[in-house]
Amino acid sequence: MFYTNTRIMKLTLGFILAASAFITATTSGCKKDDSSGGDSGGDVSVTSVVTAKYTLQLHCYPAATTLRSNGTPAHVSPYWLVGHALYEAQIAGQNTNPGSIGVQSYAMTIPTNPAEATSKEATSLGPIGMALNGVAIFNDREGGNVPVDAGVLQSFDRAGAHPGPGNTYHYHFTGDFTGNDDAKLIGFLRDGFPIYARKDNDGSYPSNLDANGGHVGTTADFSTAIYHYHASNVAYMGSRFYVLKAGSYHGTKGTFTF
Ligand SMILES: [Zn+2]
Ligand SMILES: [Zn+2]
C-alpha cells in the first residue's frame with residue numbers, strides 16, 4: 001500500500017501562466033511516513049520540508065517523493081522573450097545566449113530518507129537537482145563536460161542561470177532569486193539532500209565542508225542534524241557568481257526525467 005497525495009496543478013496555456021507556472025489548489029502536504037521504517041537507511045525524513053517549501057505537484061510514496069515542474073521561473077530574466085511580463089534587460093557586463101525560457105516536463109524523484117552512499121557518484125551534465133521554484137539545478141560544467149569557461153560565464157543572468165539545449169533554463173550559480181550570501185534553502189539534489197546558499201543559519205560561512213560541498217548539521221528547516229550541501233563561497237573566476245554544486249553526490253541519486 002502506498003499513499004498518493006497529489007497537489008493539483010493547474011496549467012493554463014499562454015503567456016502569463018508560463019510565468020506564474022504553478023497554482024496550488026490545496027495546501028495539504030504529503031502523508032508523512034517517518035515511521036515506515038523503509039529501507040532507505042537515512043535518519044531524517046525530508047518529506048515535511050519538501051511539502052512545505054515546494055509549490056509544485058508532488059506525488060508522495062512511503063520511500064520517495066516525485067516532484068513535477070514545468071521548469072520555468074516566476075522571476076524576471078533576460079531569457080523571457082521580449083514583451084513577456086517578466087522580461088528584463090540583461091545585467092551590465094553580461095550577454096545572452098541564443099536560447100530562451102521554454103516550458104519543460106520535469107519529474108524528479110528523491111528518497112524520503114536520504115542516506116549516504118557507500119560509493120559516491122559524480123554529478124553529470126544535465127539536471128542534478130531542483131530549486132524550490134521548479135527550475136533545474138546543474139553542476140559547474142557545460143557541454144563537453146568541461147567547467148564553465150569565461151565565455152559561457154558571460155551568458156548568466158542575475159539568477160545565475162541560462163537556457164541550454166531545448167530551452168531548458170537552469171541554475172549553475174547562486175543568484176538574486178534563490179540564495180547567495182545568506183542561509184537560504186535553494187532546493188534539493190537528486191539524492192534527496194537539501195542545498196543551501198553560502199552561509200549557515202548562524203550567519204557564518206561553513207568551514208568544514210567535505211569534498212562534495214556538504215556537512216552534517218541543523219538548519220532553519222531541519223532541527224535534527226542532516227547532511228546538506230552549500231553553494232561554494234569562492235567567487236567563480238572572480239565573477240559575481242558562486243557555483244551551487246560541484247563534485248559528487250553524497251547519497252544515491254534518484255531519477256530526473258524531462
Ligand atoms: Zn548551463
Ligand atoms: Zn551548513
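The legends below describe close-up views of a predicted model of one protein chain.

**View 1. The protein chain as a whole.** The secondary structure of this predicted chain comprises three helices and 14 strands. The chain has 258 residues, and 43% of these count as buried. Among contacts with a separation of 6 or more, 64% join residues that are 24 or more positions apart.

**View 2. The open sheet β1-β2-β3-β14.** Four strands make up this open sheet, in the order β1-β2-β3-β14, and their pairing is antiparallel. The edges are taken by β1 (57-60) and β14 (256-257); each has a single partner strand, so one side of each is left without a neighbour in the sheet.

**View 3. The pairing of β1 with β2.** Strand β2 covers residues 64-69 and pairs with β1 over four bridges, in the antiparallel sense. One bridge can be followed at residue level: Cys60 has Thr65 of β2 as its bridge partner. Since β1 is an edge strand with a single partner strand, the view can be confined to β1 and β2.

**View 4. Pro111 in strand β3.** Pro111 belongs to strand β3, which spans residues 106-111. In the sheet order β1-β2-β3-β14, this strand is written between β2 and β14. Within 10 Å of Pro111 there are 24 other C-beta atoms, and the residue is therefore buried, the threshold for that class being 20 or more. Thr47 is also included in this view: 64 residues separate Thr47 from Pro111 along the chain, and their C-alpha atoms are 9.0 Å apart.

**View 5. Asn145 in the loop between β6 and β7.** The loop that holds Asn145 runs between β6 (141-142) and β7 (146-147). Asn145 is not a glycine, yet its phi has a positive value, near 55°. Asn145 counts as exposed because it has 10 C-beta neighbours inside 10 Å, where the class requires 12 or fewer.

**View 6. Met237 in the loop between β13 and β14.** Met237 is located in the loop that lies between β13 (226-230) and β14. The second of these strands, β14, is an edge strand of the open sheet in View 2. Phi of Met237 is near 50°, which is a positive value in a residue other than glycine. With 11 other C-beta atoms within 10 Å, Met237 is exposed, as the limit for this class is 12 or fewer.

How values were computed: Residues numbered from 1 in each chain as written. Chains lettered and ligands numbered in written order. Predicted model: local features only at pLDDT ≥ 70, side-chain atom pairs only at ≥ 80, totals over all residues. Pairing = 2+ DSSP bridges. Contact = placed C-beta atoms within 7 Å.
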